Amino acid sequence: MISRSVSALVQALAEREISSVELTQLYLDRIARHNLALNAFVTVDPEKSLAQAKRADERRAAGQATPLTGIPLAQKDIFCTQGWLTTCGSKMLGNFVSPYDATVIEHFNATGAVILGKTNMDEFAMGSSNETSHFGAVKNPWDTARVPGGSSGGSAAAVAALLAPAATGTDTGGSIRQPASMCNLTGLKPTYGVVSRYGMIAYASSLDQGGPIARSAEDCALLLNTMAGFDERDSTSLERSREDYSRELSARTPEKPLAGLKIGLPGEFFGEGCAPEVMQLVAEAIVEYRKLGAETVDISLPNMKLSVPAYYVIAPAEASSNLSRFDGVRYGYRAPEYDDLDDMYARSRAQGFGAEVKRRILIGTYVLSHGYYDAYYLQAQRIRRLIANDFIAAFKQCDVIMGPTSPSTAFRIGEKASDPVQMYLSDIYTIAVNLAGLPGLSLPCGFASGLPAGLQLIGDYFSEARLLNVAHRYQQVTDWHQQYPAGFD
Amino acid sequence: MSLTLEQVRRVAHLARIEVSDAEAESTLGHLNGIFALIEAMQAVDTRGVEPMAHAQDLAQRLRADCVTESLGLPALARRAGFQDVAPETEAGLYLVPRVIE
C-alpha cells in the first residue's frame, strides 16, 4: 500500500479497499519508526491527522468525496496551518501556532485531504541543503550522510522514504526541483502566480511559488489541481480560469507520443560545471525522448551565468524587507532581556534568526541602501529582464527546454555548509527559471554511484499541463521514478 | 569592491540585528565572498534595459480597505485569536518597552 502512487491510493479509497483512517495510521506508524533517522518532519500530531481522516471517511460514506478526500499529505512548514505549529524552520517562529490557514492548506482541507505533519525546511526557505533549519539537518534517505537538497528537504525526504505519498514544497530559486532531483522525485514549480502565496511565509515575494513534490508527474498533476487557482488575497495571483493539469495524461499512448515536440538544449546547461556522471544520465534521458518522437534543437541562454549573481541581489533585497516583520512584537520570538525598544528588536532578531538568514538580510539591506541601490538592485533587475528575454527568444525555437536540475547528486552533510558561495552555485540551473517566472519540473533520470539525478524541464508560461505530460510519457517507458531507497521498510 | 567592518556594523544596525565583534568579523568574510560573486553583474552593459521587478508585467490589483481576515469569528474573539501568538499583550494592545517618557 505505502509504495502506491497517489492516484492508486485515490482508487483504493474509492473502492473501499482501505479507509483514510487506516491509510493515515499506516503513514503515521512509518513516521514514528523512521523520522528519527531522517528528521523530515518537525511536527506530527496524530490526533489531528486521524480526526481529519475520520471526517474524510464520513464524507466518503456520505457520497461527497472528491479525488483527494482522505489522502494523507505532508505539508512544508512554510504554509500557515491553523492550530498547527508553523515554524518555517526558524527559532523565530519556534512557538508560532498559526491562527489561520494558507490558501493552499485551505484548498487541501476543502477537498478533504489529511495533513500528515509539517516538514522540515531550510530556515525561511534560505538554503539548498536543509542544513540551515533551526531544527537540524534533514538526511537524504538514499544516503543518510548526505543532504536531501533544500529548501523543501523535509518534504522530499518524507516522500522518498515513503513516509508520505506526496508533499507540498515552495520554490524561490530551486527549492522544489533541487530536492526532488536529489531524492529521486518529481517536483513542479508552477508559473509565478498560479499557486496562491497567501499564508505561505514570504522569502522573496517576486520569486516564491508553491508546488507539489511527488513520486510521479501524474501525482504532481493531481496535487496541482487542488493547489492552483486565483486567490483574491494574494495580490499577484493570476486571474485565470481553472484548468485540469491531468488532462493530457490520460490520452492513449501511441508509439511516438511526443512526435513533433521540440526540445531545446541550451549550450549553457551542458558546459563545464556539471558533474560528468550527471551529464551522462541527462544525455541518456534525451536519447529516450528522441525515441518517444521528440526532436532536439540547440539553443542558447547567453545570460544564464548571470542568474546566480542577480538572484543573490534580488532575493536578499526582498527578504530584508519581508523579514522586517519579525520584530518580537506581534508574534514569534522576543529576547528575554533588553534595554529599550530598539535593543529589543536587535536582540530578538539576533537571537531568533540563524546565520544564513542574517547574512541574506544584511546583503539585502546593503544593496537597497542609499548609494548602492542603482549599482546593485536596479542592475540586478535589468539583468533579470535580459534573462527573461533569453527564454522568450528560446521558446520561439522550441517547446520545452531540458538540462540537468542540479550540477551534482546529493552532497555530504557539512560539505558546503561553511562556504555560502559554493552552496549558492548548487542552484545554478534552477534560479533563472524563478527570475523569469516560468514553470519548471524535475524528474528522476537515473543513478550515479547509487545517488539519484534529475532531469529539468522548463516550459513557457502556463505550460504546466504540457510539462507534466512530457514528464509522464518518459515515466511510462522508464522506471527510475519507481526505485525506492533501502532501509525504510 | 570589498566591505569594511564599519559597513557591516552600519548595515546590521539598519537591519536591527545585533552583532558581536566576532560575528561582524566572520560576517565580513562571508559577505565579501558573496559580493565577489555578485560583482560579475557590473561588467554587463544594461543601458536601455527596462528593470524587471516582477515575473508578470501586470498592474497591482487593488482591494477595498476592509477587514478580510475573519477567522470565522466575531471581532473580539478574532483579535484574541491573532494576539494569542504575541509575546506580550494587554487589553487588546501589544506591549513594547516605553518609547516616550
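Visitor: Which handedness does the β-α-β unit made by β7(A), helix α8 and β8(A) have?
Guide: In this predicted model, strand β7 of chain A covers residues 262-266 and strand β8 of chain A covers residues 295-299. Helix α8, residues 276-291 of chain A, joins these two strands in a β-α-β unit. The handedness of that unit is right-handed.

Visitor: In which sense do β7 and β8 of chain A pair, and over how many bridges?
Guide: One position in this pairing is A:Gly264, which stands opposite A:Val297 in β8(A). The sense of the pairing is parallel, and the number of bridges is five.

Visitor: Are α9(A) and α12(A) parallel or oblique to each other?
Guide: The axes of the two helices come within 9 Å and cross at roughly 125°. An angle from 115 to 145 degrees falls outside the perpendicular and antiparallel ranges. The helices α9(A) and α12(A) are therefore oblique.

Visitor: Is the crossing of α9(A) and α12(A) left-handed or right-handed?
Guide: The crossing in question has an angle of roughly 125° between the axes. Its hand is left-handed.

Visitor: How many residues of the contact of α9(A) with α12(A) are nonpolar?
Guide: From α9(A), the contact takes A:Ser307, A:Ala310, A:Val313, A:Ile314 and A:Ala317. These meet residues of α12(A) including A:Tyr376, A:Tyr377, A:Gln381 and A:Arg384. Two residues of the contact are polar and one is charged, while the nonpolar ones number nine.

Visitor: Which helix gives the most to the side of chain A that touches chain B?
Guide: The contact between the chains takes 55 residues from chain A and 43 residues from chain B. On the side of chain A, α9, α10, α11, α12 and α13 each supply at least two residues. With 10 residues, the element that gives the most is α12(A).

Visitor: How many residues on the side of chain A that touches chain B are nonpolar, polar and charged?
Guide: Chain A brings 55 residues to this contact. They divide into 33 nonpolar, 10 polar and 12 charged.

Visitor: Where does the cis peptide bond from A:Gly150 lead?
Guide: This bond has omega near 10°. The residue that follows A:Gly150 lies in the loop between β3 and α5 of chain A. The bond leads to A:Ser151.

Visitor: What phi does A:Cys88 have?
Guide: A:Cys88 is placed in the loop between β2 (72-76) and α4 (103-111) of chain A. Although A:Cys88 is not a glycine, its phi is positive, at about 55°.

How values were computed
Residues are numbered from 1 along each chain as its sequence is written. Chains are lettered from A and ligands numbered from 1 in the order in which they are written. This is a predicted model: local features need pLDDT of at least 70, side-chain atom pairs count only at pLDDT 80 or more; totals for chains, interfaces and linings use all residues. Two residues are in contact if their C-beta atoms, placed from the backbone, lie within 7 Å. Helices (H or I, at least four residues) and strands (E, at least two) are DSSP runs, numbered from the N terminus. Ala, Val, Leu, Ile, Met, Phe, Trp, Tyr, Cys and Pro count as nonpolar, Asp, Glu, Lys and Arg as charged, and the others, Gly among them, as polar. Two strands pair if DSSP finds at least two bridges between them. A crossover is right-handed if, with the strands pointing away from the viewer, the path from the first strand over the helix to the second runs clockwise. Axes are lines fitted to C-alpha atoms, for helices over the stretch in contact, and angles run from 0 to 180 degrees between N-to-C directions. Angles under 35 degrees count as roughly parallel, over 145 as roughly antiparallel, 65 to 115 as roughly perpendicular and the rest as oblique. A crossing is left-handed if the near helix is turned anticlockwise from the far one by less than a right angle, and right-handed if clockwise.
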